[in-house]
Amino acid sequence: MTFRPHLMALVFVVILMTSSKIQAQIETNKSIEMTSELIQPPYLKAGDTVAIVAPSGILKNREGEVQHAIQLLKSWGLHAVVGEHVFSKANHFAGTDDERCADLQKAMDDPKISAIWCARGGYGTVRILDKLNYTKFKENPKWLIGYSDITALHNQMHKEGFQSLHALMCVSLPNDISTIKETVATFKSTIFGQPVDYTLKGSEYNRVGEASGELIGGNLTILHTMLGSEESLDTDGKILFIEEIGEYKYHVDRMLQSLKRAGYFDNLSGLVVGDMTRMRKNTTLWGTSVEQLILDALSEYDFPIMFHMPAGHEKDNRALILGKEVKLVVGKGQSTLKYLK
């Protein structure tokens with residue numbers, strides 16, 4: 001074989017140029033990832049349709065609450081469609097994994113649906129995450145609404161690049177909705193395009209400070225469950241919201257320690273703590289309030305922490321847009337959470 005130095009030099013130049021282009025594209029992609037904002041689905045208007053689905057726990061004897069939800073939507077000029085398997089039963093779940101997934105996927109794919117309202121939480125959403133396809137959803141984004149176990153879906157929506165709504169679910173509706181007036185009012189205002197800023201009474205536990213960033217988060221147990229998966233949240237520069245129900249204090253500490261060891265709080269801008277409902281008592285008492293537990297677990301960080309956000313498993317469950325930019329101002333006497341865009 002005859003050696004041709006000029007040919008080898010040409011090949012070397014081509015390799016260098018190709019490598020440079022690839023590196024430039026990588027840097028461009030990184031830049032896009034760092035600066036991209038989550039897509040906000042269109043707010044609702046009269047005449048739009050909301051799909052009610054049950055991606056999680058069984059709705060045993062809950063037909064009344066779903067009817068309340070349908071009537072509430074109608075009173076706002078909205079149409080409602082109920083998923084085929086909402087009242088199905090498969091042991092703990094509202095239908096099999098495939099049935100629950102089918103209802104949710106159908107609502108995600110349907111361009112005539114403007115929002116997806118989860119009937120309840122419980123447990124089960126994580127079992128269908130890997131079955132979902134976002135191809136058609138990305139062509140017609142819509143609001144996902146729910147809390148608790150639905151945090152798993154909020155995380156996935158966030159990963160796919162979309163905002164979602166942490167708010168009441170169908171089973172949250174009592175016979176007399178005037179008993180949850182603020183909950184319903186903030187939900188309605190938000191889905192119709194008037195997100196509510198919050199001014200809250202302060203707390204002696206608040207860690208004073210100001211911060212801005214994307215609001216993310218949800219149920220602490222589910223956030224902990226997502227660790228190590230594609231749905232584990234990127235918390236860098238974000239404002240994290242957490243809430244919980246029915247846990248021992250040592251469980252809460254264990255989850256916080258796990259999140260901390262995974263780097264969840266290293267570059268966090270701020271923390272909003274919602275309701276810590278029905279905390280269970282262990283035979284060996286923890287010894288402090290849950291607020292002090294959180295402060296102690298996160299003592300090495302200096303980001304502001306706001307306690308007592310009325311969101312979570314209490315009747316007063318205010319709507320929060322996850323993935324939207326907010327400004328947090330935390331004081332001992334008063335705190336505010338305001339949307340920036």
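# Questions about a predicted model

Visitor: Why is glutamate 230 called exposed?

Guide: Glutamate 230 has a relative accessible area of 60%, and the term exposed applies over 50%, with buried meaning under 20% and partly exposed lying in between (1.4 Å probe, protein chains only). The value is over the upper cut-off, so glutamate 230 is exposed.

Visitor: What kind of model do these values come from, and which residues count?

Guide: This is a predicted model, in which local features need pLDDT of at least 70 and side-chain atom pairs count only at pLDDT 80 or more, while totals for chains, interfaces and linings use all residues. Residues are numbered from 1 along each chain as its sequence is written, and side-chain values use heavy atoms, with hydrogens and water left out.

Visitor: How confident is the predictor across the protein?

Guide: The average pLDDT, which is the predictor's confidence in each residue on a scale from 0 to 100, is 92 for the protein, and 89% of the residues score at least 70. Residues 10-18 stay under 50 and have zero contacts (heavy atoms within 4.5 Å) beyond four places in sequence. For residues 24-35, too, pLDDT stays under 50 and the model has zero contacts beyond four places in sequence.

Visitor: What makes the pair of lysine 159 and glutamate 230 a salt bridge?

Guide: The term requires a side-chain nitrogen of Lys or Arg within 4 Å of a carboxyl oxygen of Asp or Glu. The closest N and O atoms of lysine 159 and glutamate 230 are 3.6 Å apart, and because that distance is within the limit, the pair qualifies. This pair links distant parts of the chain, 71 residues apart, with lysine 159 in helix H5 (residues 151-160) and glutamate 230 in the loop between helix H7 (220-225) and strand S8 (239-245); helices (H or I, at least four residues) and strands (E, at least two) are DSSP runs, numbered from the N terminus.

Visitor: Which residues are linked with these two in a network of salt bridges?

Guide: The network links Lys138, Lys159, Glu160 and Glu230. Within it, lysine 159 also meets glutamate 160, with an N to O distance of 3.1 Å. Lysine 159 has a relative accessible area of 34% and glutamate 160 has 21%; both values fall between the two cut-offs, so both residues are called partly exposed.

Visitor: How do you know whether arginine 62 and glutamate 65 are buried or partly exposed?

Guide: Arginine 62, at 24% relative accessibility, falls in the middle range and is therefore partly exposed, whereas glutamate 65, at 17%, is under the lower cut-off and is therefore buried. Their closest N and O atoms are 2.9 Å apart, and the two form a salt bridge. A search of the whole structure finds 13 salt bridges.

Visitor: How do you know that the length of helix H3 agrees with its number of residues?

Guide: The expected span is 1.5 Å times one less than the number of residues. For the 13 residues of helix H3 (residues 97-109) that gives 18 Å, and the end C-alpha atoms are 18 Å apart, so the two agree. Its buried residues include Asp97, Arg100, Leu104 and Met108, and what covers the buried residues includes strand S1 (49-53), strand S3 (113-118), helix H4 (135-139) and H5.

Visitor: Why is serine 114 called buried?

Guide: Serine 114 has a relative accessible area of 16%, which is under the lower cut-off, so the term buried applies. This serine is found in strand S3, and, leaving aside neighbours within four places in sequence, serine 114 is in contact with Leu44, Asp48, Thr49, Lys142 and Trp143.

Visitor: What makes strand S6 and strand S10 stand at the edges of their sheet?

Guide: Strands pair if DSSP finds at least two bridges between them, and the open sheet of seven strands has the order S6-S13-S12-S7-S8-S9-S10, with mixed pairing. Strand S6 (198-201) and strand S10 (305-306) each have a single partner strand, so one side of each is left without a neighbour in the sheet. Inside that order, five bridges join strand S12 (residues 325-330) to strand S13 (residues 334-339), which run antiparallel; valine 326 has tyrosine 339 in S13 as bridge partner.
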